[in-house]
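Colleague: I've got a bit of time before my next run. Could you walk me through this one?

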Amino acid sequence: MIGLQDLYTKFSNTAFKGGLKPARNALSTPPFTFLGNINTSNLAPLQSDTVSFTGISVYDKNKGKLARKADCPKTSELELIHTARKAKKQSSEDDSSKKMDYRAFGLYREVLPVASEVHEQAKKLEKPFELKMCVFDSLVNGTGKFARSKPIAKKETRVKSTQSIAKKTAAKLSELVGDDYNYNIQVSPIFIKSKIHDLLGARLILTNGSPAEMNSVINRLIELMENSDKPIKIKSIKNYGSHPYLSPSKLDKLESASYKVSKDFPEVANKKKISGYTATHIVFEMNNGIDAEIQILGRGVARVKEIEDICYKGLQGKAISGLPEVSKALKAISKDDDRCIEYYKYIASAYDTARAKWDKMPDEELKKQKFPSIDTKKFPACLDLNNIEAELKEQALRKKRKGY
């Protein structure tokens, strides 16, 4: 660890050579944004009236008390002790923060080649996965018996990127090894595939979030399971939210169908997230140990989810590209448990509104709806979900104008 005198000398030399800005940069930590930017304070050059390091009180062993050096400024001993302790504590915290971030970045770099291999394996299953998801096309297009209605407003599929796989794996490794820097975990494709269950993903957005629409989706999923050449094993079913989309009776039917096909019951969980997120997630096995996840939610909830994903990232201390004010405000909230809980309550109120009212609205009416207003006495106005959404729309327009 660099000493305060060395730090001062380094800073002063840099400041004299290139001015204040280069000096600050010299002391800044490299901006790795994998698990968020590191919070280190930029130091300003010492002023002429600042307490001299050589004037700090020293302990006299013979007298058993604090004794002053001759050139010590007229500052109380308690203030000096407090200042020294505070500087030591801050230095220790900054050093620990640097270690964690460098370590996280190191883990990310370490698993990147293996993550690339897993991504390529998942990529090979992209077409077969998309073909399986075609079972829902009649619900999207409104054909056959669904000519009068379209249970699914939108269907999306994707393969998890190499970078996303590496980040998620590194985060899970950090959780597993804790403070043990001498960990011995073999990061292999098998390890990654056992920890990440959405290498392939599909999102089905319901037209109005009704039980009838959800039943249509589950019936089609059961048809897919029963008519596939290779048995499809459902590994888990997770119902999120106070007012879930999947009813208990339909859940029983899906479990029974899964057991009939794979001779195994899926893991079932009904969860209430602090954010109020409401959806049904179903994970099933593809080939080569790769899992696919289907997310089912309403249009109103999907609108909140787009903003909440950004807020969640900020509350984890991660940098948010393009939204520096939001990123800074959320990072500050993340360090205060009480304020963090209050902000999650605000997000939960948006999810409650979306599930109760917005899911049922036509598109044009849904676009006009406002998120609940934030209490600006507690939080900065930039954290209002309406303001975040407006900024995202403005960014999209700017990119469109530039031809991105």
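Modeller: Let me start inside the sheet, and please keep in mind that this is a predicted model. Strands β4 and β8 pair in the parallel sense, and seven bridges link them. Within that pairing, Leu200 stands opposite Ala292 of β8.

Colleague: And which way does β3 run against β4?

Modeller: β3 and β4 run antiparallel, joined by seven bridges. One pair to look at there is Lys155, whose bridge partner in β4 is Leu204.

Colleague: Is β4 buried or exposed, then?

Modeller: Six of the seven residues of β4 are buried, so this strand is largely enclosed by the rest of the structure.

Colleague: What is the order of the strands in the whole sheet?

Modeller: The sheet is open and has six strands, which follow one another as β3-β4-β8-β7-β5-β6, with mixed pairing. At its edges are β3, residues 152-159, and β6, residues 267-271, each of which pairs on one side only. If direction is ignored, neighbouring strands in this sheet are turned by 15 degrees against each other on average.

Colleague: How many bridges join β5 to β7?

Modeller: There are six bridges between β5, which spans residues 234-240, and β7, which spans residues 279-285, and these two strands run antiparallel. Ile234 stands opposite Phe284 of β7.

Colleague: Which helix lies across β3, β4 and β8?

Modeller: That is α10, residues 299-315, which lies across β3, β4 and β8 and runs at about 115 degrees to β8. Helix α10 also packs with α14, residues 385-402, at an angle of about 95 degrees, and the two axes are 10 Å apart. Since angles from 65 to 115 degrees count as roughly perpendicular, α10 and α14 are therefore described as roughly perpendicular to each other.

Colleague: Which residues make that contact?

Modeller: From α10 they are Arg303, Ile307, Ile310 and Cys311, while α14 contributes Leu385, Ile388, Glu389 and Leu392. Sorted by type, the residues of this contact between α10 and α14 are six nonpolar, no polar and two charged.

Colleague: Changing topic, where is Thr169, and what does it touch?

Modeller: Thr169 sits in helix α6, which covers residues 162-177. If you leave aside residues up to four places away in sequence, Thr169 touches Val111, Val187, Phe191, Ile192 and Ile196.

Colleague: And is Thr169 buried or exposed?

Modeller: Thr169 counts as buried, because its relative accessibility is 2%, and the cut-off for buried is under 20%.

Colleague: What about Leu112, where does that one sit?

Modeller: Leu112 belongs to helix α3, residues 77-124. With 26% relative accessibility, Leu112 counts as partly exposed. Not counting residues up to four places away in sequence, Leu112 touches Thr162 and Ala166. The C-alpha atoms of Leu112 and Ile165 are separated by 8.2 Å, although these residues are 53 residues apart along the chain.

Colleague: Last thing, then: how many helices and strands are there in the protein chain?

Modeller: The protein chain has 14 helices and eight strands. Of its 404 residues, 41% are buried. Among the contacts in the protein chain with a separation of 6 or more, 71% are between residues 24 or more positions apart. The accessible surface of the protein chain comes to about 23,300 Å², and 51% of that surface belongs to carbon and sulfur atoms.

Terms used:
Residues numbered from 1 in each chain as written. Predicted model: local features only at pLDDT ≥ 70, side-chain atom pairs only at ≥ 80, totals over all residues. Heavy atoms only, no water. Pairing = 2+ DSSP bridges. Helix = DSSP H or I, 4+ residues; strand = E, 2+ residues; numbered from the N terminus. Axes fitted to C-alpha atoms, helices over the stretch in contact; angles between N-to-C directions. Contact = heavy atoms within 4.5 Å. Buried < 20%, exposed > 50% of the residue type's maximum accessible area, 1.4 Å probe, protein only. Areas by Shrake-Rupley, 256 points an atom, 1.4 Å probe, with all protein chains shown as cover. Parallel < 35°, antiparallel > 145°, perpendicular 65-115°, else oblique. Nonpolar A, V, L, I, M, F, W, Y, C, P; charged D, E, K, R; others polar.
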